[in-house]
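Let's learn to read a protein model together. Take a look at the structure first, then we can talk it through.

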Amino acid sequence: MSPPVDFDEAEVARLAPGLALALPRTPHRGRVGEVRAASAGASLELHDFRAYQPGDDLRQMDWNAVARTGELILRVRQDEVSPRLEVLLDGSRSMALSPRKAGCAREVALLATEVGAQQGLGPTLLVGGSRPDRVRGQTCRSALRNAAFDARDDLYASLGRLPPLRPCGLRVVVSDFLFEAPLPALVSRLAQGASALFLVQVLDAEDLEPTGGEGARLVDSESDAALEELLTEDVLAAYARRFAEHQKALAAAAARARAAHLVAPAPQALRALVAGPLRPLFLPAGVA
């Protein structure tokens with residue numbers, strides 16, 4: 001199968017070595033790894049002191065405190081976790097509104113998995129098409145090449161058939177987020193169990209500023225239903241107002257969930273996106 005058009009894998013390969021993903025600076029929760037967690041564990045980092053309870057590890061007893069106070073005092077160490085990366089790609093039909101929009105979504109997802117792999121984050125890719133896919137490691141690239149963008153429902157609906165999102169990960173969601181859904185509930189669900197969440201909104205030129213003209217129609221990409229038969233100036237103005245309201249609501253939902261909302265205009269080249277709107281996610285290597 002030939003690679004999809006407008007999916008510049010070579011540019012991803014050129015960019016990835018100079019980048020690092022922005023890892024969360026807040027504590028994680030988890031079991032074993034490299035980043036300090038909010039929970040107690042067995043690292044060398046001292047977290048707290050507490051009274052001994054039957055069954056506690058006697059090796060953690062603070063004998064100096066015992067000598068001073070006469071009470072059995074335990075050192076509580078801080079747990080460590082390994083930050084994992086989950087990349088969720090919206091597989092709905094609207095993501096293929098144009099070859100460039102589909103290519104841009106693939107490139108952002110691939111760059112995230114490639115950079116995450118460099119950082120040892122064990123990237124997992126989920127594609128929410130009509131046949132949901134979940135892959136890890138080197139197979140992410142082939143899964144992105146084969147992503148069909150054929151789902152007739154939106155990302156919110158596809159979460160019901162996707163494999164469950166795993167906890168304790170840095171999660172990157174690539175979608176156009178242009179669908180009717182309870183945005184606070186959607187973003188809250190996407191943020192659940194993730195130490196950090198990035199919402200990368202890939203938008204085509206026609207999403208940002210639809211063109212009118214004779215015979216132009218506003219059509220739902222998922223259902224093929226004609227929303228407006230003629231794109232008159234009034235219809236375009238109404239679309240612009242509704243789009244602005246939607247973007248404001250999405251940004252507010254992201255802020256409430258402490259997620260980052262990044263808008264990636266698909267007409268821009270990947271390099272320009274990384275240096276511009278996606279810079280909060282893709283940092284120069286050595287900065288993260």
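Q: Is Arg161 buried, exposed or partly exposed, and why?

A: This is a predicted model, where local features need pLDDT of at least 70, side-chain atom pairs count only at pLDDT 80 or more, and totals for chains, interfaces and linings use all residues. Residues are numbered from 1 along each chain as its sequence is written, and side-chain values use heavy atoms, leaving out hydrogens and water. Buried means under 20% relative accessible area, exposed over 50%, and partly exposed in between (1.4 Å probe, protein chains only). Arg161 has a relative accessible area of 30%, so it is partly exposed.

Q: Which residue does Arg161 meet in a salt bridge?

A: A salt bridge puts a side-chain nitrogen of Lys or Arg within 4 Å of a carboxyl oxygen of Asp or Glu. Arg161 pairs with Asp153 (2.6 Å, N to O). Asp153 counts as partly exposed because its relative accessibility is 23%.

Q: How many salt bridges does the structure hold?

A: There are 12. One of them joins Glu86 and Arg171, at 2.9 Å from N to O. Glu86 and Arg171 are both buried.

Q: Where do buried nonpolar residues gather, and how many are in the largest core?

A: A nonpolar core is a set of buried Ala, Val, Leu, Ile, Met, Phe, Trp, Tyr and Cys residues joined through side-chain atoms within 4.5 Å. The largest has 46 residues, and Leu111 and Phe282 are among those with the most contacts inside it. Another core lies apart from it, with 20 residues including Phe177 and Leu250.
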